[in-house]
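The exercises below are meant to be worked through with the sequence and the model side by side. Try each task before reading its solution.

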Amino acid sequence: MSRQSVIQVLLIAATLAIAWRLLAGSGQRTQAVRRLGLLALAALAIYSIIDPSKTWTSLAQFLGVGRGADLILYGLVVAFFGFVVTTFKRFREMEIRYTRLARRIALDEATPVHEAFPREQPVSQDPAPPTRKGTDAD
């Protein structure tokens, strides 16, 4: 396998992992993995500040990418895709929560049917017998 194929496989794997993240649930394990990733990124950033040529260029050449700048660009594309996916997922969850809240408020503030549409006079159980008109009983 050529070195360029290695970076392609890694970028495709990262893209698939982010797409899987869109479908997977979130919980304590996901948050822990996110924190470990942030710590690894911080360590890499500190090391790249100390010696940038060894960090990015060497890593890029090892992975089969021409320059360190290209590797950074590929990484930023994958990171941006991950940001878009997580933001989409977060907003979708907020939409669902707000919809449920709006429905609950609407139901709580709705006027009950018996108050909104009062019935007419209740019909008595024993109606008065019909009277005859025009009889000579007077």
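**Exercise 1.** In this predicted model, determine which residues T55 contacts once its neighbours within four places in sequence are left aside, and decide whether T55 is buried or exposed.

*Solution.* Begin by placing the residue: T55 belongs to helix α3, which spans residues 52-63. Next, with the neighbours within four places in sequence set aside, the contacts of T55 are L44, Y47 and S48. For a sense of distance in this region, take A45, which is ten residues from T55 in sequence and whose C-alpha lies 9.2 Å from that of T55. Finally, consider accessibility: the relative accessible area of T55 is 6%, and because buried means under 20%, T55 counts as buried.

**Exercise 2.** Work out how helices α3 and α4 are oriented towards each other, and which residues make the contact.

*Solution.* First read the geometry, in which the axes of α3 and α4 are 7 Å apart and the packing angle is about 80°. Then apply the criterion: angles of 65 to 115 degrees count as roughly perpendicular, and therefore α3 and α4 are roughly perpendicular to each other. The contact itself involves W56, T57, L59, A60 and L63 on the α3 side, while α4 contributes G68, L71 and I72.

**Exercise 3.** Find the nonpolar surface patch that includes L73, and classify the exposure of L73.

*Solution.* Start with the location, since L73 sits in helix α4, which covers residues 68-109. The patch on the surface consists of L73, Y74 and V77, which together have about 270 Å² of accessible area. As for L73 itself, its relative accessibility is 49%; because exposed means over 50% and buried under 20%, with partly exposed in between, L73 counts as partly exposed.

**Exercise 4.** Describe the chain as a whole: how many helices and strands does it have, what share of its residues is buried, and what share of its accessible surface belongs to carbon and sulfur atoms?

*Solution.* Counting the elements gives five helices and zero strands, so that the pattern read along the sequence is α-α-α-α-α. Turning to burial, 12% of the 138 residues count as buried. The accessible surface comes to about 12200 Å², and 64% of that area belongs to carbon and sulfur atoms. As a last step, look at the contacts between residues at least 6 apart in sequence, of which 62% join residues at least 24 apart.

How values were computed:
Residues are numbered from 1 along each chain as its sequence is written. This is a predicted model: local features need pLDDT of at least 70, side-chain atom pairs count only at pLDDT 80 or more; totals for chains, interfaces and linings use all residues. Side-chain values use heavy atoms; hydrogens and water are left out. Patches are made of residues with over 30% relative accessible area and no salt bridge: like charges are joined within 9 Å, nonpolar side chains (Val, Leu, Ile, Met, Phe, Trp, Tyr) within 5 Å. Accessible areas come from the Shrake-Rupley method with a 1.4 Å probe; for residues, only the protein chains shown count as cover. A salt bridge is a side-chain nitrogen of Lys or Arg within 4 Å of a carboxyl oxygen of Asp or Glu. Helices (H or I, at least four residues) and strands (E, at least two) are DSSP runs, numbered from the N terminus. Buried means under 20% relative accessible area, exposed over 50%, partly exposed in between (1.4 Å probe, protein chains only). Axes are lines fitted to C-alpha atoms, for helices over the stretch in contact, and angles run from 0 to 180 degrees between N-to-C directions. Angles under 35 degrees count as roughly parallel, over 145 as roughly antiparallel, 65 to 115 as roughly perpendicular and the rest as oblique. Contact means heavy atoms within 4.5 Å.
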